[in-house]
Amino acid sequence: MRIHVLANYTPVKSYYKLIKTIEDDPEFDVKKAQKKLRRFVEGHEHAIRLKAEIMVDHFHEQVIAKGKIGGRARAMVVTGSIERAIQYFHAFQAYLAERKSPYRAIVAFSGEHEYGGQQVTEASLNGFPSNQIADKIREDPYRFLICADKFQTGYDEPLLHTMYVDKVLSGVKAVQTLSRLNRAHPQKHDTFVLDFVNDPEAIQKAFEPYYRTTILADETDPNKLHDLKADLDGYQVYAPEEVDELVRLYLDGADRDRLDPILDACVTTYMEHLDEDGQVDFKGKAKAFLRTYNFLSSILPYTNAEWEKLSIFLNFLVPKLPAPKEEDLSKGILEAIDMDSYRVEKQATMRIALADADAEIEPLPTVGGGHKPEPELDRLSNIIKAFNDQFGNIPWTDADRVRKLIIEEIPARVAADTAYQNARKYSDKQNARIEHDKALGRVMIALLQDDTELFKQFSDNEGFRRWLTDTVFALTYGEPGSAR
């Protein structure tokens, strides 16, 4: 799954503004409300230590505690100089020890550097050779990779989820750096960037050649969720007991076929009791609720369990809601999220939502108990029909040429990718899928100059991206020569 790395991009001033906004709101537990962040924003002299604390606290409370990437998420800290990277390394190690955290940091820079009156290297600080850094960061206790110009380009680590930026970035360097987060993993549903330095407009401008729509998160008023939920409830597409039942079944490990009857009943209500304007308004507000909640939940610890339950429910319902007057009702199978890994995240978040303020979050399993149905993509005629049914309303300049690219040229290029070929021959299906998604991303970028509109849909249209990724994988994974 390809993820917009700017979807949860947050300048530190906006982060600070959000926390100030909700400090007196009884819906939120903000007793830990980041006095250190206020001290930093308002100009405290010990900025390195304070920023290190903000990063470490955020990572523990919003990444680890919420089971991101099945509890295996890693973070990168991007610094502007070798000296700054070393300062951060020492600040991280000291604060991690104070927190009694089980995790540690790794520092990455080139050559030797004088620090504290002596010459230091990566190896002398980390305690292992430099050529082991890329492997070590995948292993516990290492969770933070603190970089000074290394690993900012050409580094492919699917477990990288969060980036803390304390370096001026511009142009292609900004795209290359932040795109380190954009490496697919079966359990990766989002990413997060906290930027202490850059102007959001400059970051947006750097990404415009690749993302034509505005995806940079604006400063968001948490109170908007109250209004959105009230409007959605008012349409009576779902009943509170239906939301509760689906969430209970899902978190208990139920398979998809036990969730669909609840969702299908809501779809029927949506179709039969709402006129076209009502359908447009409901679906638009449901998507807005998910965007707003997902963004805010990556920053703030909520105590509002009703919002969390509605977000779980809408994540399953929205893909099943057809656009108004759409004749062929898609069941949303190809847009279904990875249930097992998503379940782990939602179990973690629900524990946070329901716990007392001082409760500890228990360790979470890295696998779920459910089963994700395989998409049925066995015949080219089905693929063409699915393309026409789901994406025929897109004003393609040449739909026939796009269909040919999808069923012939793109799969052929992906299948020819050496890393993907090796994964199909020598590894399991999960690792093959990871290499497939990387290969597909490379192929799509290569197509950018020749087919801007196809790349735009792949980049901006999440449903199309999921469908194309599943389709190409089904066409290439089991083909002759793959030893399957």
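Two strands count as paired here if DSSP finds at least two bridges between them. In this predicted model, strand β7 (residues 160–166) meets that mark with strand β8 (residues 192–195): the two run parallel and are joined by 4 bridges. Within this pairing, Thr162 sits opposite Phe192 of β8. Strand β8 has another parallel partner in strand β1 (residues 9–11), with 3 bridges between them, and there Pro11 stands opposite Asp195. In a regular strand the side chains alternate between the two faces of the sheet. Strand β8 shows this nicely, with Phe192 and Leu194 pointing one way and Val193 and Asp195 the other way. Whichever way they point, all of them are buried.

As for the wider picture, the protein chain has 20 helices and 8 strands. It runs to 484 residues, and 53% of them count as buried. When contacts with a separation of 6 or more are tallied for the protein chain, 76% of them come from residues 24 or more positions apart.

Strand β6 (residues 142–147) also has parallel partners. With strand β2 (residues 74–79) it pairs over 4 bridges, and Met76 stands opposite Leu145 of β6. With strand β3 (residues 104–108) it shares 5 bridges, again in the parallel sense, and here Val107 has Ile146 as its bridge partner. Strand β6 is largely enclosed by the rest of the structure, because 6 of its 6 residues are buried.

Next come the nonpolar cores. The largest one has 73 residues, and the members that touch the most others are Phe92, Phe313, Leu314 and Leu317. A second, separate core of 29 residues includes Ile383, Val402, Ala423 and Phe473. What does Phe92 touch, once neighbours within four places in sequence are left aside? Its contacts are Ala52, Met55, Val56, Val77, Ala105, Phe144 and Ile146. Ile146, then, is both a contact of Phe92 and the bridge partner of Val107.

Aromatic rings turn up together quite a bit, with 13 aromatic pairs in the structure. Phe92 is part of one: its ring centre is 6.3 Å from that of Tyr88 and the planes meet at 70°, so the pair is edge-to-face. Both residues belong to helix α4 (residues 82–98), where they are 4 residues apart, about one turn of the helix. Tyr88 and Phe92 are both buried. Phe289 and Tyr293 make a stacked pair, with 6.1 Å from centre to centre and 5° between the planes. These two lie in helix α12 (residues 276–297), again 4 residues apart, about one turn of the helix, and both are buried.

Some rings gather in a group. Tyr235, Tyr238, Tyr270, Phe282 and Phe313 form one aromatic cluster. Phe313 has already come up among the residues that touch the most other members of the largest nonpolar core. Another member of the cluster, Phe282, can be placed relative to Asp231: the two are 51 residues apart in sequence, yet 8.1 Å apart in space, C-alpha to C-alpha. Asp231 itself belongs to helix α9 (residues 224–234), and its relative accessibility of 33% makes it partly exposed.

Charged side chains also meet rings. Lys136 lies over the face of Phe128, at 5.4 Å from the ring centre. Arg424 has its charged end over the ring of Tyr420, 4.8 Å from the centre. Both Arg424 and Tyr420 are touched by Thr476, which also contacts Pro411, Ala415 and His436, not counting residues up to four places away in sequence. Is Thr476 buried or exposed? With 1% relative accessibility, it counts as buried. Thr476 is found in helix α20 (residues 462–476).

That leaves helix α10 (residues 240–251). Its 12 residues, at 1.5 Å each, should span 16 Å, and the end C-alpha atoms are 17 Å apart, which agrees. Which residues of α10 are buried? They are Val243, Leu246, Val247, Leu249, Tyr250 and Leu251. After the helix comes Gly253, which has a positive phi, near 100°.

Methods: Residues are numbered from 1 along each chain as its sequence is written. This is a predicted model: local features need pLDDT of at least 70, side-chain atom pairs count only at pLDDT 80 or more; totals for chains, interfaces and linings use all residues. Side-chain values use heavy atoms; hydrogens and water are left out. The expected span of a helix is 1.5 Å times one less than its number of residues. Buried means under 20% relative accessible area, exposed over 50%, partly exposed in between (1.4 Å probe, protein chains only). A nonpolar core is a set of buried Ala, Val, Leu, Ile, Met, Phe, Trp, Tyr and Cys residues joined through side-chain atoms within 4.5 Å. Contact means heavy atoms within 4.5 Å. Rings of Phe, Tyr and Trp (its six-membered ring) pair if their centres lie within 6.5 Å; planes under 30 degrees apart count as stacked, over 60 as edge-to-face and the rest as tilted. A charge sits over a ring if NZ of Lys or CZ of Arg is within 6 Å of the ring centre and within 35 degrees of the ring normal.
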